[in-house]
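I opened this entry to record what I looked up, beginning with how protein and DNA meet.

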Number of protein chains: 2
Amino acid sequence: MTTPGRGLHGHVLESLGPAITAGEYPPGSVLRTDELAQRFEVSRSVMREAVRVLESMHLVESRRRVGVTVLPTSEWNVYDPQVIRWRLAGADRPRQLRSLTVLRSAVEPVAAGLAAEHATAEECAELTECALGMVASSRGHQLEKYLFHDVAFHRVILNASRNEMFARLGDVVAEVLAGRTRHQVMFWDPDPAAVTLHVKVAEAVRERDAARAEELTREIAVGALQELDILAP
Amino acid sequence: MTTPGRGLHGHVLESLGPAITAGEYPPGSVLRTDELAQRFEVSRSVMREAVRVLESMHLVESRRRVGVTVLPTSEWNVYDPQVIRWRLAGADRPRQLRSLTVLRSAVEPVAAGLAAEHATAEECAELTECALGMVASSRGHQLEKYLFHDVAFHRVILNASRNEMFARLGDVVAEVLAGRTRHQVMFWDPDPAAVTLHVKVAEAVRERDAARAEELTREIAVGALQELDILAP
DNA sequence: TGCGGAGAAAAAGTCAGACCTTTATGGCGC
DNA sequence: GCGCCATAAAGGTCTGACTTTTTCTCCGCA
């Protein structure tokens, strides 16, 4: 997605990171830099750089005379896009999808409300275009195309909210939607009700109706939660 | 707070990180590892580790033959607690406080609703205790004591939501509350209405009334937004 | 004049080895 | 049984040499 494994240390990270987030080394496990360097056939300096990055993500802690200790999940920087990607690729993908979807359900309605207040004419147009694209691809097994427009739609909303923290969740939402499409229950065409809601959100934003945009987005969120059985039906 | 500057590379980071997030090196600026190493009087290996960490936060990008380029704000990992701390310590503290408060206003009501569903008896007790502590310290210039209970209250809520992403915002909320108390408009005693609302949230959670907990927390959020002039009065 | 390729230079990337610093631990004496 | 000290194990730091990639420049040719 964003950063492929640039450099040797990046390559090491792409192997170690997923292993740690997948729980292959349980919290408390102790690794030794030298041993890791040997295992990955890189120099100590390269391995040290990799460990530093893992440490900055709070996945591990390096202490003298002890080694590199794997930290408990509660310490991890779970908002780090890299960490999110690693976890979504691993075994607890379902758990992760749930957590992230709940986060979306909290953030996106508020973001939509703000978007209604701040969206430029251009953004309104983009939004409508995305919604129409979703409608067009909502039938006949065009899941990939639908996903594309869906992601674009939510990105525009988050960016138009003019809130930096919201905007940076665009990648997260993209990952969640992609995960849902490719590994979840969307074997058939998307729920027509959801498609309609997106069109209505685009309308509400265009009409600067913040309350309505928020409420409609909340309905979309409820749908997403139900898909994952987080809410009672 | 969490990680003081452990090791030489940590020391370098605590100087370079704030400088970059403060915009001292505008996006596009190019730094050279060797020059930085000289400036900070550390070896290249140490400087390389520091740069790796900055790179993992997407504050900079390192490219051969070019150097270490400062990335635009839109690329930064703004959820990284370290980055948040650096920015809160710098010049755009007010902007940052606004962004984070809006985030809080989206997340905390939902978290409170979930907390009402999932809180253990022990957590309910803690919550009540915090609320009472807030009441007790809400008069007579006991701002530090009030802050302590306030932070604890919101931490319990976020943890009791049983959502990992929400729980990890505990530190962020703590920073925001601390920032508000120490650098913002709270020269006098806190708003009695806010104190009352906290007590009521604790009640609602104890009574497992998710909707009420959510609504009350939303009112607290509105108050916080008004304090920063984000909402019309 | 403009363009494409060869070459040079600049900067990061990698490595190996030596040495320093901290700290857990185990043994020794009290 | 308790506390102190020596020891060793691991990460931390530094240095210098070498490699690799990439960009810039300059030259020759069309």
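I count as a polar contact a pair of N or O atoms within 3.5 Å; within protein, one must be able to donate a hydrogen and the other to accept it, and residues adjacent in sequence count only if both atoms are side-chain atoms. The model is predicted, so I kept to its rules: local features need pLDDT of at least 70, side-chain atom pairs count only at pLDDT 80 or more, and totals for chains, interfaces and linings use all residues. Residues are numbered from 1 along each chain as its sequence is written, chains are lettered from A and ligands numbered from 1 in the order in which they are written, and side-chain values use heavy atoms, with hydrogens and water left out.

**DNA strand C**

I looked up the polar contacts first. A polar backbone atom of T33(B) is 2.8 Å from a phosphate oxygen of DNA strand C. From chain A, R63(A) places a polar side-chain atom 3.0 Å from a phosphate oxygen of this strand. The side chain of S62(B) has an N or O atom 3.2 Å from a sugar or linking oxygen of DNA strand C.

I then listed the elements (DSSP runs numbered from the N terminus: helices are H or I of at least four residues, strands E of at least two). Those giving two or more residues to the surface near DNA strand C are α1 (7–21) and α3 of chain A, with α3 and β2 (60–63) of chain B. The largest share, three residues, comes from α3(A).

Near means that a heavy atom of the residue lies within 4 Å of the strand. There are 21 residues around DNA strand C, and L8(A), R64(A), T33(B), R48(B) and R65(B) come nearest. Of the strand C atoms within 4 Å of the protein, 77% belong to sugar or phosphate and the rest to bases.

For classes, I took Ala, Val, Leu, Ile, Met, Phe, Trp, Tyr, Cys and Pro as nonpolar, Asp, Glu, Lys and Arg as charged, and the others, Gly among them, as polar. The surface near DNA strand C has five nonpolar, six polar and ten charged residues.

**DNA strand D**

I repeated the search here. Of 22 residues around DNA strand D, the nearest are T33(A), R48(A), L8(B), R44(B) and R63(B). Sugar and phosphate make up 64% of the strand D atoms that come within 4 Å of the protein. Backbone N or O atoms reach phosphate oxygens of DNA strand D at 2.7 Å from T33(A) and at 2.6 Å from L8(B). The class count is four nonpolar, six polar and twelve charged residues.

**Chain A against chain B**

I found 38 residues of chain A in contact (heavy atoms within 4.5 Å) with 38 residues of chain B. The two chains bury about 3400 Å², 53% of it on carbon and sulfur atoms; buried area is the accessible area (1.4 Å probe) lost on putting the two parts together, summed over both.

Ten salt bridges cross this interface (a side-chain nitrogen of Lys or Arg within 4 Å of a carboxyl oxygen of Asp or Glu). One of them joins R6(A) and E61(B) at 3.7 Å, N to O. I also noted 21 residue pairs in polar contact, both at pLDDT 80 or more. On the side of chain A that touches chain B, α5(A) gives the largest share, nine residues.

Last, I checked the symmetry, superposing by least squares on the C-alpha atoms of residues with pLDDT of at least 70 in both copies. A rotation of 180 degrees with 0.0 Å of shift along its axis puts chain A on chain B, with RMSD 0.1 Å. The two copies are therefore related as by a two-fold rotation axis. The same surface serves both, as 100% of the contact residues of chain A recur in chain B.
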